[in-house]
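This report is written for someone meeting the structure for the first time. Please look over the sequence and the model before reading on.

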Number of protein chains: 2
Amino acid sequence: MISLEQNTNPDPSDFPSEIEGLRMTKQRREVLAVLLAERDHPTANDVFLRSQQRMATISLATVYNCLEALVSHNLVRQVNFERESSRYCPNLADHCHFQDEESGKIHDVVFKDGVKLEDILVLPQGTDINHLEISLKGHFGQSKNHKTP
Amino acid sequence: MISLEQNTNPDPSDFPSEIEGLRMTKQRREVLAVLLAERDHPTANDVFLRSQQRMATISLATVYNCLEALVSHNLVRQVNFERESSRYCPNLADHCHFQDEESGKIHDVVFKDGVKLEDILVLPQGTDINHLEISLKGHFGQSKNHKTP
DNA sequence: ATTACGAATTAGAATAATTCTAAATTTTGA
DNA sequence: TCAAAATTTAGAATTATTCTAATTCGTAAT
């Protein structure tokens with residue numbers, strides 16, 4: 001299987017014709033490539049503007065359609081902060097998001113090793129979680145081992 | 001200090017004239033009373049409809065204004081699920097939210113005793129969290145000790 | 001190749017939650 | 001009591017997203 005890694009600046013035409021049961025059209029390839037190219041968290045409109053640079057004819061509606069297709073096939077995650085417009089993230093590893101209030105930039109935050117949600121929340125037994133979103137806001141600290149791309 | 005507890009069905013006129021530095025106008029009292037009266041998580045429009053029953057002249061714009069005033073003075077919390085319309089919650093205790101996908105209803109979920117966020121996330125040192133939102137979705141289980149109001 | 005079919009794309013209109021504006025009203029405090 | 005400030009109000013404006021209907025594309029069968 002092709003690796004959908006970030007910061008790889010992939011050539012969209014290298015993607016296979018189908019991923020996770022989703023037919024990879026020209027536009028979907030382009031949108032996915034845009035998301036993989038940078039590890040920021042662009043809005044649909046940001047993605048549209050970037051996609052346009054390589055594919056002048058793509059429309060905003062198509063970008064919305066592609067994003068929704070990619071999200072529903074678990075190739076991309078949708079990220080929400082309060083009522084701000086949705087952002088998109090190709091990092092599929094278990095993580096959550098921190099928004100630095102100074103810059104507005106969003107950073108991926110991972111859980112410490114071995115932490116599971118059921119370990120920290122009081123949920124009635126039998127509860128089945130399909131979807132989880134953790135959004136943090138505040139001031140970002142600087143640390144030697146945290147990479148700011 | 002007056003106790004702003006839920007399910008108390010308070011008489012809005014019992015609220016003091018100022019809470020947490022916020023002048024309690026007639027409309028703000030009404031909106032706060034609506035939120036305290038039930039432990040569901042109404043949208044702005046729900047709050048508007050309920051407020052109207054006791055105060056026929058209140059406007060939707062005012063409800064939005066009041067909610068924003070109450071939220072910014074930490075008398076009420078704003079709750080977001082993806083891009084759905086915001087909901088409001090008068091429970092100020094540390095907790096997060098679970099939406100049952102069958103009913104759409106939102107339930108408060110608390111952390112297990114002694115769990116702190118810094119304990120479970122890998123954050124660069126010096127990071128200062130001002131705001132945290134955890135939203136879960138899935139199927140609600142039934143448990144003997146979980147109260148469904 | 002050509003054709004036919006379903007899927008995807010497109011432009012633009014529609015929607016809906018929220019915010020804004022400006023006028024009217026209420027409250028405060030001198 | 002009066003002026004200034006704050007709040008409320010109705011309705012217009014905004015904006016992210018979704019919808020609609022027409023067109024185009026891709027594929028696979030003839």
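The sections below take up the basis of the model, the contact between two protein chains, and the surface near a DNA strand.

## Basis of the model

This is a predicted model, in which local features need pLDDT of at least 70 and side-chain atom pairs count only at pLDDT 80 or more, while totals for chains, interfaces and linings use all residues. Residues are numbered from 1 along each chain as its sequence is written, chains are lettered from A and ligands numbered from 1 in the order in which they are written, and side-chain values use heavy atoms, with hydrogens and water left out.

## Where chain B meets chain A

Counting as contact any heavy atoms within 4.5 Å, the two chains meet through 44 residues from chain B and 44 residues from chain A. The buried area (the accessible area, with a 1.4 Å probe, that two parts lose on being put together, summed over both) is about 3600 Å², and carbon and sulfur atoms give 57% of it. On the side of chain B, the residues that lose the most area to chain A are Glu82(B), Arg83(B) and Ile120(B), which together make up 17% of what that side buries.

Between the two chains there are zero salt bridges, a salt bridge being a side-chain nitrogen of Lys or Arg within 4 Å of a carboxyl oxygen of Asp or Glu. There are, however, 23 residue pairs in polar contact, with both residues at pLDDT 80 or more; a polar contact is a pair of N or O atoms within 3.5 Å, and within protein one must be able to donate a hydrogen and the other to accept it, with residues adjacent in sequence counting only if both atoms are side-chain atoms.

## The surface near DNA strand C

A residue is near a strand if one of its heavy atoms lies within 4 Å of it, and of the 16 residues around DNA strand C, those that come nearest are Thr25(A), Ser59(A), Thr62(A), Tyr64(B) and Ser86(B). Of the atoms of DNA strand C within 4 Å of the protein, 81% belong to sugar or phosphate, and the rest belong to bases.

Both protein chains place side chains beside phosphate oxygens of this strand: an N or O atom in the side chain of Gln27(A) is 3.1 Å from one, and an N or O atom in the side chain of Arg28(A) is 3.2 Å from one, while a polar side-chain atom of Tyr64(B) lies 2.6 Å from a phosphate oxygen.
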